[in-house]
Amino acid sequence: MKKLLSIVTMLGALSGAASAAPYYAATPAGGDLTPNDIQPVYTLEAIYSIANKSADPDMWGVRGSLSLYSNGEDSFRHQFSLNLAAQWGEEDYSWYGDTYSTDFFMLPVTVGYDINIELADDVMFYVGGKAGYTWAQVEDAWGDANGGGFTWAVGAGIKVQCSDSIYVKAGYEFGRTHFSEGDLDGTYGAHTISVGVGCTF
């Protein structure tokens with residue numbers, strides 16, 4: 001009986017000590033990103049391109065990007081991106097007194113690099129470039145024409161960090177697409193304004 005009482009008393013003491021033991025949670029939790037890790041960022045932008053030549057159409061659309069930052073807290077942050085955009089445009093042309101409408105669609109896929117420079121807390125200036133390939137389709141009264149070619153752009157802008165995981169951005173780019181394959185031939189140049197939001201997950 002004494003032995004049983006000793007065991008019960010010991011178990012009671014141990015359970016009391018266990019319930020009083022402080023709980024510790026690792027910060028950050030295991031598997032979470034730290035500022036020293038490469039930071040993946042997903043960005044969605046609205047883009048408007050003003051054609052360099054008056055005979056070419058202005059284009060508008062959206063661009064999605066997956067970016068990798070070299071560090072989440074450095075004053076100079078290297079950023080590598082994969083970008084996919086969809087752009088539409090329309091232009092009216094006259095032919096022997098008749099006016100007809102032409103619809104344009106472009107799908108540029110690019111890889112890019114930006115250097116982000118911290119100007120102040122939560123404000124960054126960025127400058128960089130993109131290069132890749134653009135597929136395009138032109139549709140008018142006579143039918144469809146398809147083509148593609150090398151595309152590139154350089155630009156700069158401002159990013160404002162709204163929280164640890166969200167920023168907004170606005171920028172300007174100048175770019176050209178050199179159509180050399182398919183039915184299309186020539187160069188399309190444009191000045192592009194972009195506004196977007198980026199999120200880190």
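Let's start with the cysteines, everyone. In this predicted model, the sulfur of Cys162 has its closest cysteine sulfur in Cys199, at 9.5 Å, and that is too far for a bond. Cys199 is in no disulfide either, since its nearest cysteine sulfur is that of Cys162. A disulfide would need the two sulfur atoms within 2.5 Å, so the count comes to 0 disulfides. If you are setting up the topology in your head, that is the cysteine part done. One more detail on Cys199: with a relative accessible area of 23%, this residue counts as partly exposed, because the buried class stops at under 20%.

Now let's step back to the overall layout. The protein chain has 1 helix and 8 strands. Read from the N terminus, the helix comes at the start and the strands follow, α-β-β-β-β-β-β-β-β. How much of the chain is buried? Of the 201 residues, 33% are buried.

Next, please look at the stretch around β4 and β5. Asp122 sits in the loop between β4, residues 98-120, and β5, residues 123-140. What is unusual about the backbone at Asp122? Its phi is positive, about 70 degrees, and Asp122 is not a glycine. For context, most residues other than glycine have a negative phi. As for the side of things facing solvent, Asp122 is partly exposed, at 45% relative accessibility.

Staying with acidic residues, there is a patch of negative charge on the surface. Which residues gather there? They are Glu90, Asp92, Asp103, Glu139 and Asp144. For those of you thinking about electrostatics, residues in such a patch have no salt bridge, and their like charges are joined within 9 Å. Let me pick out one member, Asp103, which is found in strand β4. Is Asp103 buried, partly exposed or exposed? Asp103 is partly exposed, with a relative accessible area of 35%, and that value also clears the patch cut-off of over 30%.

Finally, let's go to the end of the chain. Phe201 lies in the segment after β8, the strand that spans 186-200. Where does this aromatic residue stand in terms of exposure? Phe201 is exposed, with a relative accessible area of 72%, so it passes the limit of over 50%. Phe201 also has a partner to look at in the viewer: its C-alpha atom and that of Ser165 are separated by 7.0 Å, while the two residues are 36 apart along the chain.

That's my tour, and I'm happy to take questions.

Methods: Residues numbered from 1 in each chain as written. Predicted model: local features only at pLDDT ≥ 70, side-chain atom pairs only at ≥ 80, totals over all residues. Heavy atoms only, no water. Helix = DSSP H or I, 4+ residues; strand = E, 2+ residues; numbered from the N terminus. Buried < 20%, exposed > 50% of the residue type's maximum accessible area, 1.4 Å probe, protein only. Patch = residues over 30% accessible without salt bridge, like charges linked within 9 Å, V, L, I, M, F, W, Y side chains within 5 Å. Areas by Shrake-Rupley, 256 points an atom, 1.4 Å probe, with all protein chains shown as cover. Salt bridge = Lys/Arg side-chain N within 4 Å of Asp/Glu carboxyl O. Lys, Arg positive; Asp, Glu negative; His and termini not counted. Charge placed at Lys NZ, Arg CZ, Asp CG, Glu CD.
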